[in-house]
Amino acid sequence: MIGDKTFNKFIYLSIIVIIAFSTVGIAPADKDKKIHKNITIENISVGKLTKEEAVNILEKTYPLDNFNITYNNESWTIKPEDIELNFHIEERVDEALNYTRSKSIWNNIKRKGKLNINKPYNIKIKATYNEVKLSKQLEKIYEKVNVEAVDATFYVEPSGEIKRSESKEGRDVDISKLKDDIYNMINKKKIKDINLPVLTLYPKTSTKQVKSINSILGQFSTSFNDSTSRGSNIHVAGESTSDVLLMPGETFSYNKKTGARNWVNGYQSAPIIVGGRVVNGEGGGVCQVSTTIYNAALLSGLTIDEVHNHSLPSRYAPRGRDATVSYGYTDLKFTNPYTHPVYIKNIVGNGAITSKIYGCNLDRERIVIRMEEEYLKDKITVKTYRLYLDEENNVMRRELVNTSIYKTH
């Protein structure tokens with residue numbers, strides 16, 4: 001006979017098995033399988049639906065359509081297959097269908113129990129796309145839309161004729177915003193057309209700015225022997241520092257414009273002043289060009305940032321008005337203090353170099369340069385002042401520009 005305890009255990013296991021099978025049930029054919037009640041996908045109820053029915057509802061709610069990117073009268077179509085866009089709806093429906101059909105009977109019982117007491121289970125749809133392929137599609141749009149801004153130009157012919165060209169605004173697709181807009185659209189799974197975000201590119205130099213250049217603010221000339229290597233260097237340096245448009249607040253650097261004064265850049269060996277002695281060196285003569293430009297800048301009211309005098313007075317400029325330069329060491333620098341651009345033009349030929357600085361007549365000042373000299377034993381100290389005059393030649397402002405010290409022998 002079977003003992004009471006063994007019999008009770010048998011009855012208990014039998015009841016568990018009966019409950020399990022009655023809850024899980026015998027699986028019907030795949031096409032007739034239905035999702036358990038109280039299961040949702042993106043909060044859309046798919047309970048008691050077959051896989052086909054659930055897929056149809058979700059595909060209607062979240063269709064994988066083409067979308068257009070539009071700008072003005074142009075439009076570019078992006079197809080889902082172009083960027084491998086996928087909402088994975090069928091996979092999510094399979095997840096819902098199999099939620100109560102896992103390999104674990106006990107998990108299935110627990111899940112059904114929760115669903116049966118109105119504790120719903122929601123599945124999120126996660127969209128995916130190929131970022132590399134999207135970028136390639138967008139590159140076609142960039143190439144079509146992007147246009148560089150064009151600066152206005154100002155040029156003075158050797159004859160003195162002024163030539164100007166107008167500026168043009170450019171366009172640049174705001175790539176970051178465009179990708180954010182596409183990402184947000186895909187993330188929300190609401191495919192729709194997108195307006196192309198485009199930034200306006202403004203030229204650094206506008207037509208208005210170059211039109212403001214209408215007069216000469218200051219000019220200065222020096223002479224030299226045109227038939228020497230020194231004269232050749234003056235031509236090279238004069239050309240490399242000419243036709244410079246200096247915008248408001250921009251600084252001119254003589255050394256940056258000329259580069260190294262060596263044979264590669266067209267310079268020859270010629271006399272230069274080193275340590276109070278005249279010796280041969282590469283680029284001899286470039287200091288005459290820097291001196292000529294310096295004096296034009298002085299008379300134009302430009303802000304002198306860096307200037308150095310020779311150890312000995314030069315032959316081509318008064319004491320206190322020379323500007324020696326040495327590549328990598330000493331430079332001539334000045335800044336445009338005006339709200340309008342200025343333009344530097346050097347004219348070299350027939351044994352003379354003239355530097356002219358053009359600008360707006362509203363910025364033109366009445367300026368004179370004065371030097372005060374002091375002799376002390378073996379040196380001369382020269383203070384260079386810039387005087388600003390009124391209409392009646394009265395001094396309104398006196399500016400100390402530089403203090404130069406020269407050896408007397």
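**View 1. Ser404, a buried serine in a strand.** At 0% relative accessibility, Ser404 counts as buried in this predicted model, because the cut-off for that label is anything under 20%. The residue belongs to strand β22, which covers residues 395-407. Its side chain makes a polar contact with the side chain of Asn402, at 3.4 Å. What else does Ser404 contact, once neighbours within four places in sequence are left aside? The list reads Asn309, Gly320, Ile380, Thr381 and Val382.

**View 2. The antiparallel sheet that holds β22.** Zoom out from Ser404, and strand β22 turns up in an open sheet of three strands, ordered β20-β21-β22 and paired antiparallel. β20 (366-376) and β22 are the edge strands, each pairing on one side only. Ignoring direction, neighbouring strands here are turned by 20° against each other on average. β20 and strand β21 (residues 379-389) run antiparallel and are joined by eleven bridges. For a landmark, look for Leu376, which stands opposite Lys379 in β21. Helix α10 (residues 286-300) packs on this sheet and touches β20, β21 and β22. The direction of α10 makes about 120° with that of β20.

**View 3. Asn336, tucked into a loop.** Asn336 sits in the loop between β17 (333-335) and β18 (342-349). Is this loop residue buried or exposed? With a relative accessible area of just 1%, Asn336 is buried, since that value falls under 20%. Its side chain reaches the backbone oxygen of Met247 at 3.4 Å. A polar atom of the Asn336 side chain also lies 2.9 Å from the backbone nitrogen of Tyr338. Setting aside residues up to four places away in sequence, Asn336 touches Leu246, Met247, Pro248, Gly249, Glu250, Leu302, Pro341 and Val342. Met247 therefore shows up twice in this view, as a polar partner and in the list of touching residues.

**View 4. A buried salt bridge, Glu42 to Lys189.** The side chains of Glu42 and Lys189 meet in a salt bridge, with N and O 3.8 Å apart. Glu42 lies in the loop between β1 (39-41) and β2 (44-45), and Lys189 in the loop between α6 (175-188) and β9 (194-195), so the pair ties together parts that are 147 residues apart in sequence. Both residues are buried.

**View 5. Lys133 and Glu84, another link between distant parts.** Here a salt bridge joins the side chains of Lys133 and Glu84, at 2.8 Å from N to O. Lys133 is in helix α5 (residues 131-145) and Glu84 in the loop between β4 (74-78) and α3 (89-97), so the pair links distant parts of the chain, 49 residues apart. How accessible is Lys133? Its relative accessibility is 33%, so Lys133 counts as partly exposed. Glu84 is partly exposed too, with a relative accessible area of 40%.

**View 6. Lys163 with Glu157, and a shared network.** Lys163 forms a salt bridge with Glu157, and the closest N and O atoms are 3.1 Å apart. Lys163 is partly exposed at 41% relative accessibility, and Glu157 is partly exposed at 21%. Elsewhere, salt bridges that share partners join Glu42, Lys124 and Lys189 into one network. The count for the model comes to 13 salt bridges.

**View 7. The mixed sheet β4-β3-β9.** Three strands form an open sheet in the order β4-β3-β9, with mixed pairing. Which strands stand at the edges? They are β4 and β9, each with a single partner strand, so one side of each is left without a neighbour in the sheet. Strand β3 (residues 67-71) and β9 run parallel, joined by two bridges. Thr70 has Asn195 in β9 as its bridge partner. Helix α5 lies across β3 and β4, running at about 170° to β4.

**View 8. Where to read the model with care.** The chain averages a pLDDT of 90, and 89% of the residues score at least 70. Residues 12-29 are another story: pLDDT stays under 50 there, and the model has eight contacts for this stretch beyond four places in sequence. Where pLDDT is low, the predicted coordinates should not be read in detail.

Notes
Residues numbered from 1 in each chain as written. Predicted model: local features only at pLDDT ≥ 70, side-chain atom pairs only at ≥ 80, totals over all residues. Heavy atoms only, no water. Helix = DSSP H or I, 4+ residues; strand = E, 2+ residues; numbered from the N terminus. Buried < 20%, exposed > 50% of the residue type's maximum accessible area, 1.4 Å probe, protein only. Polar contact = N/O pair within 3.5 Å; in protein donor to acceptor, adjacent residues only side chain to side chain. Contact = heavy atoms within 4.5 Å. pLDDT = per-residue confidence, 0-100. Salt bridge = Lys/Arg side-chain N within 4 Å of Asp/Glu carboxyl O. Pairing = 2+ DSSP bridges. Axes fitted to C-alpha atoms, helices over the stretch in contact; angles between N-to-C directions.
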